Amino acid sequence: DTIRLQDELHILNSYLAICRLRFDSQLDIRMDIGTETMELYVPKLIIQPFIENAVFHGNAGIIQISARCAEGQLLIVIRDDGTGMIEEQIRSAIAGNKDGWHALQNIQRRLRLRYGEPYGLSIESQPGKGTTITLILPCQKDLP
């Protein structure tokens, strides 16, 4: 259940290709992935649910994904230009209080169980201005 970031991005690219075919999507994905992060290990399928949410719930047209190491932490940032959320929607999403919004809660729980504090995810969003998800993971160079 742990793979290299480059393999996670390969899975993501396959998912995006399917989305483009299935929905005739004009989705624009922009990646700025630090070369130092490509060999780091991350939980499998940690990015795809956020892309799915941005496309299907946020009506995003442009999604930016970046990854960098800073002070022993891997920061994966997923930013979209979609509809955004109000604070109550963010709280509900992380709590899994709304049908279909369990992915964020599950990812937060997976990260906290695996790595503990201060790892996990944070969400910044404003209606009409998109959403930014930041995943904070350890910079793990070897399999756990």
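The following questions and answers concern a predicted model of a single chain.

Reader: What makes up the fold, and in which order do the elements run?

Author: The chain has 4 helices and 7 strands. Starting at the N terminus, their order is β-α-β-β-α-β-β-α-α-β-β.

Reader: Why is the chain called as compact as a globular protein of its length?

Author: Its radius of gyration is 15 Å, and the globule rule gives 15 Å for 144 residues, so the chain is as compact as a globular protein of that length. Along the principal axes, the C-alpha trace spans about 40 × 30 × 25 Å.

Reader: How do you know what share of the chain is buried?

Author: A residue is buried when its relative accessible area is under 20%. By that cut-off, 45% of the 144 residues count as buried. The exposed area of the chain is about 7900 Å², with 50% supplied by carbon and sulfur atoms.

Reader: Which residues of the largest nonpolar core touch the most other members?

Author: They are Ile-47, Ile-51, Ile-63, Ile-65, Ile-76, Ile-78 and Leu-135, in a core of 38 residues. Helix H1 (residues 5-23) gives the most to this core, with 6 residues.

Reader: What does Ile-76 touch, leaving out residues up to four places away in sequence?

Author: Contact requires heavy atoms within 4.5 Å. Under that condition Ile-76 touches, among others, Leu-5, Val-42, Ile-47, Ile-65, Ile-133, Leu-135 and Leu-137. For the chain, 70% of the contacts between residues at least 6 apart in sequence join residues at least 24 apart.

Reader: Why is Leu-45 called partly exposed, and Glu-71 exposed?

Author: Partly exposed covers the range between the buried limit of under 20% and the exposed limit of over 50%. Leu-45 has a relative accessible area of 37%, so it is partly exposed. Glu-71 is at 84%, and therefore counts as exposed.

Reader: What makes the backbone of these two residues worth a remark?

Author: Most residues other than glycine have a negative phi. Leu-45, however, has a positive phi near 60°, and Glu-71 has a positive phi of about 55°. Leu-45 is in the loop between strand E3 (41-43) and helix H2 (48-56). Glu-71 sits in the loop between strand E4 (62-70) and strand E5 (73-80).

Reader: Where is there a cis peptide bond, and what is its omega?

Author: The cis bond joins Glu-117 and Pro-118, with omega about 5°. Pro-118 belongs to the loop between helix H4 (102-115) and strand E6 (120-126). Most peptide bonds are trans.

Key: Residues numbered from 1 in each chain as written. Predicted model: local features only at pLDDT ≥ 70, side-chain atom pairs only at ≥ 80, totals over all residues. Heavy atoms only, no water. Helix = DSSP H or I, 4+ residues; strand = E, 2+ residues; numbered from the N terminus. Rg over C-alpha atoms; globule rule 2.2 N^0.38 Å. Buried < 20%, exposed > 50% of the residue type's maximum accessible area, 1.4 Å probe, protein only. Areas by Shrake-Rupley, 256 points an atom, 1.4 Å probe, with all protein chains shown as cover. Core = buried A, V, L, I, M, F, W, Y, C linked by side-chain atoms within 4.5 Å.
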